[in-house]
Amino acid sequence: MTPALGDVFALYTLGSGGQIIPVVAPDAAPTTALGRLHAHEARSTQATAALAGIAQAGTALVQPNVSPSWLETLAEGPDHLALFQAVGFRSVVLAPLMARG
């Protein structure tokens, strides 16, 4: 947890084949909603493709006010939506960070 910045922090790198590789995973036990959400998204080709798309485009996704309808558009199904709702996101920033060299 990074309370000075937000409730959840994760860092991923983009592999040479376009795959998302976790560098710093969310600090959550696998039995928590956040831990289950992270595990689901690590297995989801739709979620990893979306993260890879953000990294490749170099454009941040900023959602200052997460609404139920926004979560419904992201969810892959009812179980995934339930995990989003259980985590309780209020805002989201997914930002690609570019390194030199």
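How much accessible surface does the protein chain have, and what share of it belongs to carbon and sulfur atoms? For this predicted model, the accessible surface comes to about 6,900 Å², and 58% of that belongs to carbon and sulfur atoms. Buried residues, for their part, make up 22% of the 101 residues in the protein chain.

On to the fold. The protein chain has 4 helices and 4 strands, and reading along the sequence gives the pattern β-β-α-α-β-α-α-β. As for contacts with a separation of 6 or more, 55% of them in the protein chain link residues 24 or more positions apart.

The opening pair of strands makes a handy starting point. β1 (11-14) and β2 (residues 20-24) run antiparallel and are joined by 4 bridges. Together β1 and β2 form a hairpin, with 5 residues between them. In the turn sits G18, whose phi is positive at about 85°. L14 has its bridge partner, I20, in β2. Also in strand β2 is P22, which is in contact with L11 and Y12 once its neighbours within four places in sequence are left aside. P22 and Y12 are 10 residues apart along the chain, yet their C-alpha atoms are separated by 4.3 Å. With a relative accessible area of 47%, P22 falls short of the 50% needed to count as exposed, so this proline is partly exposed.

Next comes the interior. The largest nonpolar core has 9 residues, namely L37, V66, W70, L71, A75, L81, L83, F84 and V92. Two helices, α3 (68-74) and α4 (78-87), each supply at least two residues of this core. Of the contributors, α4 gives the most, with 3 residues. One of the core members, L81, is in contact with L71, E72 and A75, again leaving aside neighbours within four places in sequence.

α4 deserves a closer look. Its buried residues are H80, L81, L83 and F84. Viewed down the axis of α4, these buried residues fall within an arc of 155°, so they line one face of the helix. The general geometry is familiar: an α-helix has 3.6 residues a turn, so residues three or four places apart point the same way. On the other side of α4, P78 and D79 are exposed. The packing partners of the buried residues of α4 are α1 (33-43) and α3. Just after α4 comes G88, which takes a positive phi of about 80°.

The view from α1 fits in here too. A33, L34, G35, L37 and H38 are the buried residues of this helix, and what covers them includes β1 and α4. Among these residues, L37 also belongs to the largest nonpolar core.

What about the loop between α1 and α2 (45-57), and which residue lies there? That loop holds S44. At 6% relative accessibility, S44 is under the 20% cut-off and therefore counts as buried. The side chain of S44 is joined to that of E76 by a polar contact of 2.3 Å.

Key
Residues numbered from 1 in each chain as written. Predicted model: local features only at pLDDT ≥ 70, side-chain atom pairs only at ≥ 80, totals over all residues. Heavy atoms only, no water. Core = buried A, V, L, I, M, F, W, Y, C linked by side-chain atoms within 4.5 Å. Buried < 20%, exposed > 50% of the residue type's maximum accessible area, 1.4 Å probe, protein only. Contact = heavy atoms within 4.5 Å. Arc of directions from axis to C-beta. Areas by Shrake-Rupley, 256 points an atom, 1.4 Å probe, with all protein chains shown as cover. Polar contact = N/O pair within 3.5 Å; in protein donor to acceptor, adjacent residues only side chain to side chain. Pairing = 2+ DSSP bridges.
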